[in-house]
Protein chains: 2
Amino acid sequence: MVKRNRAASSEEEMIARIRRRAGLPASGSIVLGIGDDCAIFRPRGSNEDLLFTTDMLIEGTHFLRAHPPADLGWKALARGLSDIAAMGGEPRFCLLSLAVAPWIGPRWIDAFYRGLLALASREGAPLVGGDLSHADRVMCDILVCGSVPRSQALRRDSARRGDAIYVSGALGGAACRLAQGRPTARPQPRLALGRLLRQKLHATAAMDLSDGISLDLHRLAKASNLSAEITAPPRHRGATLEQALHGGEDYELLFTLPGAARLPPEFAGVPLTRIGTMRRGPAGAVTLDGVPLEPLGYDHFRP
Amino acid sequence: MVKRNRAASSEEEMIARIRRRAGLPASGSIVLGIGDDCAIFRPRGSNEDLLFTTDMLIEGTHFLRAHPPADLGWKALARGLSDIAAMGGEPRFCLLSLAVAPWIGPRWIDAFYRGLLALASREGAPLVGGDLSHADRVMCDILVCGSVPRSQALRRDSARRGDAIYVSGALGGAACRLAQGRPTARPQPRLALGRLLRQKLHATAAMDLSDGISLDLHRLAKASNLSAEITAPPRHRGATLEQALHGGEDYELLFTLPGAARLPPEFAGVPLTRIGTMRRGPAGAVTLDGVPLEPLGYDHFRP
C-alpha cells in the first residue's frame, strides 16, 4: 500500500491540491468541477448539461517531429472526444489553441487542420475558435464541449459495491505500437458506445482509458470510495500484460454496471469484456487475480 | 495599401484559411464561429448565449522565467476575461491547461494558481477543470466561458457607418513598461465596462485591445466592412505614440457607438475617449489624422 500510494502520488496529489485551492464552485450552474473526465455546466433554463474537457498535445512530450501532422490533428481532437464519450455525451463543438514552432510550415499546418477537421466533421464537433501563437516547440490544447440530457452524465465517482467492471476493446495496443516505433495513427473515440452506456445500459460509472487501466481503475475506484478486483484485461495482439495494464493512450472505455446486468459480447465490432467487480475496501485499491496492482500507468508528475 | 496588406497578412490570412477550412457550422446552436474575441454557443432551451475563448501564455513567447508566477496566473486568466468583457459577458467558469517545465517547483505552481484563483474568485469565474502535463518550457492555455442574454453579445463585425470610435483607458502602458523591463503585473479586464456597453450604452461593436490599436481597429473595421478615421489615442504616461498605436497587451476596450450618443468622460475611474469615426471605404483601412496607419500591432506570424 505504501508503495502504491507513492507511485500514484504526484499527479493525483497535485490535482487534489488544485481542487482544494479552487474550492467548491459558488454557482449552482457548476454541477461538477475538477476531477472527472469533464466538468459539467448547467445553462440557465436548459434541459441539457454541457460537458467541458481540455487536453494538451506537446512536441517532445506527446509526440515527435516526425509524426504525420494530419494524424496529430486527428489525435488532438480524439483525446478530447474520448473524454466526452466517457461521460456519455454528444459532441457539440471544439476550440483549438495552437502554438507553432519555427520548423513548421504552411503544409504542416494545413495537414494538421485537415486531420482535425476530418474527425470534427465526422463526429459533429465543429471548430468554432481558439488561439494561434508561436513557441520553440509545437503545442496544442483542444477544448471540446459535449452535451447530455440534464443529470445524465456518466461519472467516475458513482460506481457501487458489487458492480461489474467492464472494458471495451483490447488494451496495450498503443503502448505496443509505440514500443515498435509506430505510434497509433488515428485513435477512435468510443462515442457511440458512451451514448449506449448512458441511454440503454444505464452504466453506473465510466471513464476513458488514457493513462493505463492500473492507474485509471485506481482513480475510478478511489472516486467511488471502493476497491476493485480484476482479472487480466483483454490484450491487444502483440501487447504484453504490462502494456495492457500500464500502457496509456488506448482510449477505450472503462465502465461499471450492476452485477446482474446482461451485456452483449460486443458493440459495433468492439468487444465488451467483464474483467472484475467493485468491492468494499480501501478506496482506490486494485487487485489483479488477488494480488495488489500498483497504479503504474502514465503519470506526468511521477518523481 | 500594398504594404498594409502585407503587414497584416500573416496571422489574418492564417485565421481566414482555417475559417474557410472549418466551414460554416452545421448546427444552429453555433451563433458565431472563428474570427471574433469569443465563439457564441446557444444551449437548447436557454435564454442565454454562452461565450468561449482560449488564450495561450508561453514561456519565451509571452513571458520570461523571472516573471513572478502569481502575476502569470493572474494574467493567464485576465487575457481570457478581457475577451469576455469585449463581448459584454458575465464570466461563468474557466478551465486551465498547464504544462510545467523541469525548472518549476511546487512553490511556483502554488503561486501561479494563487494568482489565477484570486482573479477567478473576484470575477466569478471558478476553475472547474483542465489538463496537466510537462514540457521543456512552461505553457498554459486558459478557456473562459461567459454568458450574455440571448442575442446580446457585442461583436466586432457590427459597427455602422458614422459610428463614433472610442477607447477606454490610456494606451501603450504595457509596451512602455515592457521596454523598461518591468512588464505589467496584473492587467485588469474591463468586465464592468463591457457590461455597461452592452446593457446601457448599446454599443454597436466592441473588441479588446490585445495586439495594439493599429492592428485591432483594422480588424474591427475589416469585420464590419468599413474603414476608420482616428486621431491619436490617449497615451499612457511615458508611452510613445508608437507604443500607444502598436503596443500590445493593454487589455482596454475598443468600441463604437452611434455618432450622436453621449458618453460620460469616464467610468469607474477609467477614461472613455472618442478617437474617431467609422466611414464607408476600403474595408479595414485606418487613417490617423488623415494618413494611412499601418496595422503594425503584434502579429505572431508576421514574416
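## Two domains, two chains and a buried strand

In this predicted model, the domain assignment divides chain A into domain 1, which covers residues 37-149, and domain 2, which covers residues 164-292. The C-alpha centres of domain 1 of chain A and domain 2 of chain A are 23 Å apart, and the contact between these two domains takes 18 residues from domain 1 of chain A and 18 residues from domain 2 of chain A. On the side of domain 1 of chain A that touches domain 2 of chain A, the element that gives the most is helix 2 of chain A, residues 69-86, with 10 residues. That side of domain 1 of chain A is made up of 9 nonpolar, 4 polar and 5 charged residues.

A second contact joins the two chains, with 54 residues of chain B touching 54 residues of chain A. Several elements of chain B give two or more residues to the side that touches chain A, among them helix 1 (2-22), strand 4 (90-100), helix 3 (106-123) and strand 6 (139-149) of chain B. The table sets out the residue classes for the two sides described here.

| Side | Nonpolar | Polar | Charged |
|---|---|---|---|
| Domain 1 of chain A, touching domain 2 of chain A | 9 residues | 4 residues | 5 residues |
| Chain B, touching chain A | 28 residues | 16 residues | 10 residues |

Strand 4 of chain B, which is listed among the elements on the side that touches chain A, also deserves a look of its own. Because 11 of the 11 residues of strand 4 of chain B are buried, this strand is largely enclosed by the rest of the structure. Strand 4 of chain B is joined by 9 bridges to strand 6 of chain B, and these two strands run antiparallel; within this pairing, B:Pro91 has B:Gly146 in strand 6 of chain B as its bridge partner. Strand 4 of chain B is also joined by 7 bridges to strand 5 of chain B, and here the two strands run parallel, with B:Leu95 standing opposite B:Gly129 in strand 5 of chain B. Together with helix 3 of chain B, strand 4 of chain B and strand 5 of chain B form a right-handed β-α-β unit.

Helix 5 of chain B, residues 191-199, offers another view of burial, for its buried residues are B:Leu191, B:Leu193, B:Gly194, B:Leu197 and B:Arg198. When one looks down the axis of helix 5 of chain B, these buried residues fall within an arc of 160°, so they line one face of the helix.

Notes:
Residues numbered from 1 in each chain as written. Chains lettered and ligands numbered in written order. Predicted model: local features only at pLDDT ≥ 70, side-chain atom pairs only at ≥ 80, totals over all residues. Domains from an automatic or database assignment. Contact = placed C-beta atoms within 7 Å. Helix = DSSP H or I, 4+ residues; strand = E, 2+ residues; numbered from the N terminus. Nonpolar A, V, L, I, M, F, W, Y, C, P; charged D, E, K, R; others polar. Buried ≥ 20, exposed ≤ 12 C-beta atoms within 10 Å, placed from the backbone. Pairing = 2+ DSSP bridges. Right-handed = clockwise from strand over helix to strand, strands pointing away. Arc of directions from axis to C-beta.
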